[in-house]
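Work through the exercises below with the sequence and the model at hand. Each task is followed by a solution in steps.

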Amino acid sequence: MKFFYTPIIMFFFPLSIIIQAQNLPKFSGLMFGDYFYNLRHHSSSEEGMNAFQFRRIFVTADYLISEKFNSRFRIEADNISNANSKNNKMNVWVKDAYLEWIDIFNGSNLFIGVSPTPAFEVSTNIWSNRFIEKTILDYNSIVSSRDMGIDLKGNLMDNGKIKYWIKIGNNANSGPESNKQKRFYGLLEFYPSKNLIFTTYGDFTTISSVYDNVSMTNKNTNSYVLALFCNFKCKNLSTGIESFLRNSKNAYRESELYELTDFKTYGISLWAYYNLTNKFNLIGRYDYYDPNSQINNDDNELIILAIDYKPNTRVHISPNVQIKTYKNEGKNDVIPRITFFWQF
């Protein structure tokens, strides 16, 4: 009998371990930060400032509940967001917390919880240098990267050449809702060839009306954002262009004598990176940003130049420099950095 049971035990014991292992959450994470030196700065008090800093730490747990349901929980911390915290230490907050219903109907998945917004998720993934800098909508806080709500995304065509993503959210990032208004998001992705992708994005936010004491009427203050993105890849070169317009109804008053008018913000970003070898990339980017089209000379430009060195596919070390010009300031920013990034 001993010889009969032994092979059975030897077969089922490793199998049980595999089954248990398949049912465990999958943990992953990333960290990136810099050593920076403010060689020049538009604020004289910041000139000469230098420091080591973390700009992002992610720890993620993904758990496949079943073939139809997946769940993600992600926490984030960084030095910059907690610069004014009471204890001057990094705090941790929830970045993602959602349930995904896979193939709720053919080719589409449903998400509920705190999850990414559609505004720049695609362009950020294709830019693929988030550790050096955010893409333009994220950099200028035009749309939050996360919102609590419900999403539906999937394929509009069986060949995957047109995809969609719609979302309804609180417009409160990952925090609790504090009003009755909601934000409605929509994205279309087009893949006409393997080298070309472009997207069109729009959102609409309902906001309470305000009383204009000049016209003595209640005015609508809803807002919307429109954005376009295009990427072209050719061998070792990847190049992209992204632009946006945000219009906030009746959110600007030139002076107390004038009626409320629309507050318009727009910007455009051009970037490219070139793979010299498997270990070295050259990166360049130019952004133009006008925070309020009603005001003259408040626009600024951002130039980023970088060399990305990858000693390992999961480790990056990138000397880079950010140059930011301000039309209404006497000085510009020149900030050399050494950026480090790794995944695990």
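**Exercise 1.** State how the lining of the second largest pocket divides into nonpolar, polar and charged residues.

*Solution.* The structure is a predicted model. Start with the space itself: the second largest pocket has a volume of about 160 Å³. Its lining is made of 15 residues, and those closest to the pocket centre are Asn 171, Arg 183, Thr 205, Thr 206 and Ile 207. Next, sort the lining by class: 8 residues are polar, 4 are nonpolar and 3 are charged.

**Exercise 2.** Find how many cavities of 30 Å³ or more the whole structure has, and describe the lining of the largest cavity by class.

*Solution.* Rolling a probe the size of a water molecule over the atoms shows where empty space is left. The search of the whole structure gives 1 cavity of 30 Å³ or more. The largest cavity holds about 40 Å³ of space. Two elements, α2 (121-127) and β9 (196-205), each give two or more residues to its lining. Among the lining residues are Pro 118, Phe 120, Leu 187, Tyr 201 and Glu 242. Sorted by class, the lining has 7 nonpolar, 2 polar and 1 charged residues.

**Exercise 3.** Is Tyr 274 buried, partly exposed or exposed, and which surface patch includes this residue?

*Solution.* First place the residue: Tyr 274 belongs to strand β14, which covers residues 261-275. Its relative accessible area is 38%. Buried means under 20% and exposed means over 50%, so Tyr 274 is partly exposed. Then look at the surface around it: Tyr 274 is one of the residues of a nonpolar patch of about 740 Å², together with Leu 237, Leu 276, Phe 280, Leu 282, Ile 307, Tyr 309, Ile 317 and Ile 338. At least two residues of this patch come from β15 (280-290), and at least two from β16 (300-312).

**Exercise 4.** Is Ser 44 buried or exposed, and how many Å separate Ser 44 from Tyr 185, C-alpha to C-alpha?

*Solution.* Ser 44 sits in the loop that joins β1 (26-37) and β2 (50-64). Its relative accessibility is 62%. The cut-off for exposed is over 50%, so Ser 44 counts as exposed. For the second part, Ser 44 and Tyr 185 are 40 Å apart in space, C-alpha to C-alpha, and 141 residues apart in sequence.

**Exercise 5.** What percentage of the residues of the protein count as buried, and what does its C-alpha trace span along the principal axes?

*Solution.* The protein has 344 residues, of which 38% count as buried. Its C-alpha trace spans about 100 × 50 × 50 Å along the principal axes. The chain includes 3 helices and 18 strands.

Methods. Residues numbered from 1 in each chain as written. Predicted model: local features only at pLDDT ≥ 70, side-chain atom pairs only at ≥ 80, totals over all residues. Heavy atoms only, no water. 1 Å grid on protein atoms, 1.4 Å probe; cavity = no way out; pocket = protein on both sides within 12 Å on 5 of 7 lines; lining within 4 Å. Points joined across faces, edges and corners; volume = space filled by probe spheres on them. Nonpolar A, V, L, I, M, F, W, Y, C, P; charged D, E, K, R; others polar. Patch = residues over 30% accessible without salt bridge, like charges linked within 9 Å, V, L, I, M, F, W, Y side chains within 5 Å. Areas by Shrake-Rupley, 256 points an atom, 1.4 Å probe, with all protein chains shown as cover. Salt bridge = Lys/Arg side-chain N within 4 Å of Asp/Glu carboxyl O. Helix = DSSP H or I, 4+ residues; strand = E, 2+ residues; numbered from the N terminus. Buried < 20%, exposed > 50% of the residue type's maximum accessible area, 1.4 Å probe, protein only.
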